[in-house]
Amino acid sequence: MKSNFIIEYIKHPQTIGAVAPSSKYLSENMIKNIDFSRCSVIAEYGAGTGVFTAEVIRHRKKGTKFLVIEQNKNFYNILCKKFGKCRDVFIIHGDVRNLAKYMSKYNIYKIDYIISGLPFASLPSDISDRILASTKRILAKNGGKFITFQYTLLKKKLFERFFDIEDISVALRNFPPAFVFTMISKDKRC
């Protein structure tokens with residue numbers, strides 16, 4: 001798996017934010033603020049090879065729908081092999097900016113949590129703004145939460161333009177260490 005990441009990082013450094021898959025410690029941090037007993041739909045942006053995907057599938061309650069969006073074709077194929085037969089898991093080869101379209105396709109009207117592996121530090125600012133604005137609109141409808149990780153705090157101010165930050169934790173046992181942001185839309189709070 002690590003060689004997949006290195007190759008894809010070299011080929012697509014703006015859209016692949018890491019040279020290695022996330023650790024189990026980062027995965028645990030990413031899902032710790034998800035109330036699996038009360039959510040019915042989760043989405044994942046930039047699933048890579050599925051480290052967070054596997055954790056969500058393992059912890060979600062029966063009937064929880066899970067939209068997994070990956071733009072990289074090689075990673076999408078890996079995700080399909082690993083999780084393509086899982087019930088209520090929809091693996092999508094596409095752009096996260098089209099989340100509303102994917103929701104409509106699968107008759108989903110609200111999302112409780114969106115987790116993200118997108119590298120906001122390397123994405124062009126206009127793309128980051130569009131992703132975050134769309135995410136905010138979708139989550140504001142029901143007070144859902146957006147959870148993402150970054151290797152620095154450089155994008156904290158960007159996130160604060162769209163969300164209230166409820167929690168920032170650090171996954172020290174990850175290479176490199178990562179900050180996990182749990183946020184809620186400024187338009188509606190739980």
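Q: Which residue in β2 does tyrosine 45 stand opposite?
A: In this predicted model, β1 covers residues 41-45, and five bridges join β1 to β2, residues 65-70. The two strands run parallel. Across from tyrosine 45 in β2 stands isoleucine 69.

Q: Which residue is the bridge partner of alanine 43 in β4?
A: Alanine 43 has a partner in β2 too, namely leucine 67. Over at β4 (residues 113-116), four bridges tie that strand to β1, again with a parallel run. There, alanine 43 is matched with isoleucine 114.

Q: How many residues of β1 are buried?
A: Take the faces one at a time: Val41, Ala43 and Tyr45 sit on one side and are buried. Ile42 and Glu44 sit on the other side, and they're buried as well. Buried here means under 20% relative accessible area, and for β1 the count is five of five.

Q: Which are the edge strands of the seven-stranded sheet?
A: The sheet is open, with mixed pairing, and its order reads β3-β2-β1-β4-β5-β7-β6. An edge strand pairs on one side only. That picks out β3 (89-93) and β6 (163-171).

Q: What is the handedness of the unit made by β1, α3 and β2?
A: Strands β1 and β2 run parallel, and helix α3 (residues 51-59) joins them in a β-α-β unit. Its handedness is right-handed.

Q: At about what angle does α6 run to β5?
A: Helix α6, residues 125-140, lies across β1, β4, β5, β6 and β7. For comparison, helix α4 (residues 73-83) lies across β2 and β3 and runs at about 160° to β3. For α6 against β5, the angle is about 150°.

Note on methods:
Residues numbered from 1 in each chain as written. Predicted model: local features only at pLDDT ≥ 70, side-chain atom pairs only at ≥ 80, totals over all residues. Heavy atoms only, no water. Buried < 20%, exposed > 50% of the residue type's maximum accessible area, 1.4 Å probe, protein only. Pairing = 2+ DSSP bridges. Right-handed = clockwise from strand over helix to strand, strands pointing away. Contact = heavy atoms within 4.5 Å. Axes fitted to C-alpha atoms, helices over the stretch in contact; angles between N-to-C directions.
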